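This report goes through one protein model, from its helices to its overall form, its pocket and its aromatic residues. Please look at the sequence and the structure before reading on.

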Amino acid sequence: MEVSLTLQQESLLADVAARTGRSPEQILREALDAFLDHQRWFVVAVEQGRKAARRGELVDHEDLVPRLEERYQS
């Protein structure tokens, strides 16, 4: 598989590689692994949420806001 990068992306990648002592290929593999792990988690979480919604397990807006505020204040 080949991926084309813009000149700006190549420049930024070279800069990060030089500053971290890693190869551009290593940086790209690590970034891709992190991205794919997150995407896999996200898809599973959305599927679980949709199944819960179909079962009628919904959260009212009034109940959700305090939960979110508590989670993101930590």
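Helix H1 covers residues 7-20, and at 1.5 Å a residue its 14 residues should span 20 Å. Its end C-alpha atoms are 20 Å apart, so the expected and computed spans agree. The model is a predicted one, and each value here is computed from its atoms.

**The helices**

How many helices and strands does the protein chain have? The chain has three helices and zero strands. Read from the N terminus on, its elements follow the order α-α-α. The table sets out the helix spans.

| Helix | Number of residues | End-to-end C-alpha distance | Expected span |
|---|---|---|---|
| H1 (residues 7-20) | 14 residues | 20 Å | 20 Å |
| H2 (residues 24-54) | 31 residues | 45 Å | 45 Å |
| H3 (residues 61-73) | 13 residues | 18 Å | 18 Å |

For H2, the reach from the first C-alpha to the last is close to the value expected at 1.5 Å a residue. The reach of H3 is likewise close to its expected value.

Two glycines come after helices. Gly-21 follows H1 and has a positive phi, near 70°. Gly-56 comes just after H2, and its phi is also positive, at about 85°.

Ser-23 sits in the loop between H1 and H2. With a relative accessible area of 28%, Ser-23 is partly exposed, because partly exposed residues fall between the cut-offs of 20% and 50%. Ser-23 and Arg-55 are 32 residues apart in sequence, and their C-alpha atoms are 49 Å apart in space.

**The overall form**

What radius of gyration does the protein chain have, and what would a compact globule of 74 residues have? The chain has 20 Å, whereas a compact globule of that many residues would have a value near 11 Å. Along its principal axes, the C-alpha trace spans about 50 × 30 × 20 Å.

Buried residues make up 5% of the 74 residues in the chain. Is H3 largely in the open or largely buried? Of the 13 residues of H3, the number buried is zero, so H3 lies largely in the open.

**The largest pocket**

The largest pocket holds about 270 Å³ of space. Its lining consists of Met-1, Val-3, Leu-5, Glu-25, Leu-28, Arg-29 and Leu-32. Sorted by class, the lining has five nonpolar residues, two charged residues and no polar ones.

Leu-28, one of the lining residues, lies in helix H2. Its relative accessible area is 41%, so Leu-28 counts as partly exposed. Leu-28 and Leu-13 are 15 residues apart in sequence and 8.4 Å apart in space, C-alpha to C-alpha.

**The aromatic pair**

Rings count as a pair if their centres lie within 6.5 Å. By this rule the model has one aromatic pair. The ring centres of Trp-41 and Phe-42 are 6.4 Å apart and the planes stand at 55°, so the pair is tilted. The tilted class applies because that angle is neither under 30 degrees, as for stacked rings, nor over 60, as for edge-to-face rings.

Is Trp-41 buried or exposed? Trp-41 has 53% relative accessibility and therefore counts as exposed. Phe-42 has 41% and therefore counts as partly exposed. The cut-off that matters for this pair is 50%, because exposed means over that value.

Trp-41 lies in helix H2. Trp-41 and Ile-27 are 14 residues apart in sequence, and their C-alpha atoms are 21 Å apart in space.

Note on methods:
Residues numbered from 1 in each chain as written. Predicted model: local features only at pLDDT ≥ 70, side-chain atom pairs only at ≥ 80, totals over all residues. Heavy atoms only, no water. Phe/Tyr/Trp six-rings, centres within 6.5 Å; stacked < 30°, edge-to-face > 60°. Buried < 20%, exposed > 50% of the residue type's maximum accessible area, 1.4 Å probe, protein only. 1 Å grid on protein atoms, 1.4 Å probe; cavity = no way out; pocket = protein on both sides within 12 Å on 5 of 7 lines; lining within 4 Å. Points joined across faces, edges and corners; volume = space filled by probe spheres on them. Nonpolar A, V, L, I, M, F, W, Y, C, P; charged D, E, K, R; others polar. Helix = DSSP H or I, 4+ residues; strand = E, 2+ residues; numbered from the N terminus. Expected span 1.5 Å × (residues − 1). Rg over C-alpha atoms; globule rule 2.2 N^0.38 Å.
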